[in-house]
Amino acid sequence: MRGTLAVYGIGFFQAACFHIVGLARDGIHGYAAFAPLPLRVFFACLLVLDPLLVVLVARVRPAGVPLAGGVMVLDATANWILNWPQVHRDPALLLHPVGLTPITLFCLFVLATQLPLLRAVGGKGRPQRPNRAPG
């Protein structure tokens, strides 16, 4: 469980840093050149969601697990939508160590570990323990 939480924390910390640096470098309209408005709004929301997930994961809060899955599905989908024309023209882009491939792999990791992690941190789906009488 700790290793999985560490991977979640590192992944969302890296994403938070990426979005914060992008905002500092390009301003609020940094995605305007290549992303439609709904995706720009989503990417702006990641400025809050990614650091929030780092905190939730670090504090081992069950709410962080499904939120992480939802954020990653939306993030990977948005990135595939934006990058599909380039990937379609040149599939070798998927071999780059940054960008679409790491986002996709992290998304798959988060989705594959969600249920076991949620059970481990005490969220829904956790096996019920019988009540014990004090004594």
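**Figure 1. Residue classes in the lining of the largest pocket of the predicted model.** Sorted by class, the residues that line the largest pocket comprise 21 nonpolar, 11 polar and five charged residues. The lining is made up of 37 residues, and the space within the largest pocket amounts to about 930 Å³. Nearest to the centre of the pocket lie Phe18, His19, Asn79, Gly99 and Ile103. Rolling a probe the size of a water molecule over the atoms shows where empty space of this kind is left. Each of the helices α1 (2–26), α2 (37–58), α3 (64–89) and α4 (100–121) supplies at least two residues of this lining, and α1 gives the most, with 10 residues.

**Figure 2. Overall arrangement of the helices in the protein.** The protein has four helices and zero strands, and its elements run α-α-α-α when followed from the N terminus on. Taken along the principal axes, the box filled by the C-alpha atoms of the protein is roughly 65 × 30 × 25 Å. Of the 135 residues of the protein, 33% count as buried. Among the contacts in the protein with a separation of 6 or more, 73% are accounted for by residues 24 or more positions apart.

**Figure 3. Helix α1 and its buried residues.** Helix α1 has 25 residues and reaches 36 Å from its first C-alpha to its last, which is close to the 36 Å expected at 1.5 Å a residue. The buried residues of α1 are Thr4, Leu5, Tyr8, Gly9, Gly11, Phe12, Ala15, Ala16, His19 and Gly22, and they pack against α2, α3 and α4. One of these buried residues, His19, is also among the residues that lie nearest the centre of the largest pocket. Just after α1, glycine 27 takes a positive phi of about 80°.

**Figure 4. Surroundings of threonine 4 in helix α1.** Threonine 4, which is found in helix α1 and is one of its buried residues, touches Phe109, Thr113 and Leu117 when residues up to four places away in sequence are not counted. Threonine 4 and valine 57 are 53 residues apart in sequence, while the distance between their C-alpha atoms is 9.8 Å.

**Figure 5. Aromatic pairs around tyrosine 31 and phenylalanine 42.** A search of the whole structure finds six aromatic pairs. One of them joins tyrosine 31 and phenylalanine 34 in an edge-to-face arrangement, with 5.9 Å centre to centre and 85° between the planes. Phenylalanine 42 and phenylalanine 43 form a tilted aromatic pair, with 5.8 Å centre to centre and 50° between the planes. Tyr31, Phe34, Phe42 and Phe43 form one aromatic cluster. Phenylalanine 42 and phenylalanine 43 are both buried, and tyrosine 31 likewise counts as buried because its relative accessibility is 18%, under the 20% cut-off.

**Figure 6. Leucine 46 in helix α2 and its contacts.** Leucine 46 has its place in helix α2, and it counts as buried because its relative accessibility is 0%. Leaving aside its neighbours within four places in sequence, leucine 46 is in contact with His19, Pro51, Val71 and Asp75. Of these partners, aspartate 75 stands 29 residues from leucine 46 in sequence and 8.7 Å from it in space, C-alpha to C-alpha.

**Figure 7. Backbone of valine 60 in the loop between α2 and α3.** Most residues other than glycine have a negative phi. Valine 60, although it is not a glycine, has a positive phi of about 55°. Valine 60 lies in the loop between α2 and α3, and with a relative accessible area of 34% it is partly exposed, since that category lies between the cut-offs of 20% and 50%.

**Figure 8. Alanine 76 in helix α3 and its contacts.** Alanine 76 is found in helix α3 and counts as buried because its relative accessibility is 8%. Apart from its neighbours within four places in sequence, alanine 76 is in contact with Ile103 and Cys107; Ile103 is also one of the residues nearest the centre of the largest pocket. The C-alpha atoms of alanine 76 and phenylalanine 106 are separated by 8.9 Å, although these residues are 30 residues apart along the chain.

How values were computed. Residues numbered from 1 in each chain as written. Predicted model: local features only at pLDDT ≥ 70, side-chain atom pairs only at ≥ 80, totals over all residues. Heavy atoms only, no water. 1 Å grid on protein atoms, 1.4 Å probe; cavity = no way out; pocket = protein on both sides within 12 Å on 5 of 7 lines; lining within 4 Å. Points joined across faces, edges and corners; volume = space filled by probe spheres on them. Nonpolar A, V, L, I, M, F, W, Y, C, P; charged D, E, K, R; others polar. Expected span 1.5 Å × (residues − 1). Buried < 20%, exposed > 50% of the residue type's maximum accessible area, 1.4 Å probe, protein only. Contact = heavy atoms within 4.5 Å. Phe/Tyr/Trp six-rings, centres within 6.5 Å; stacked < 30°, edge-to-face > 60°.
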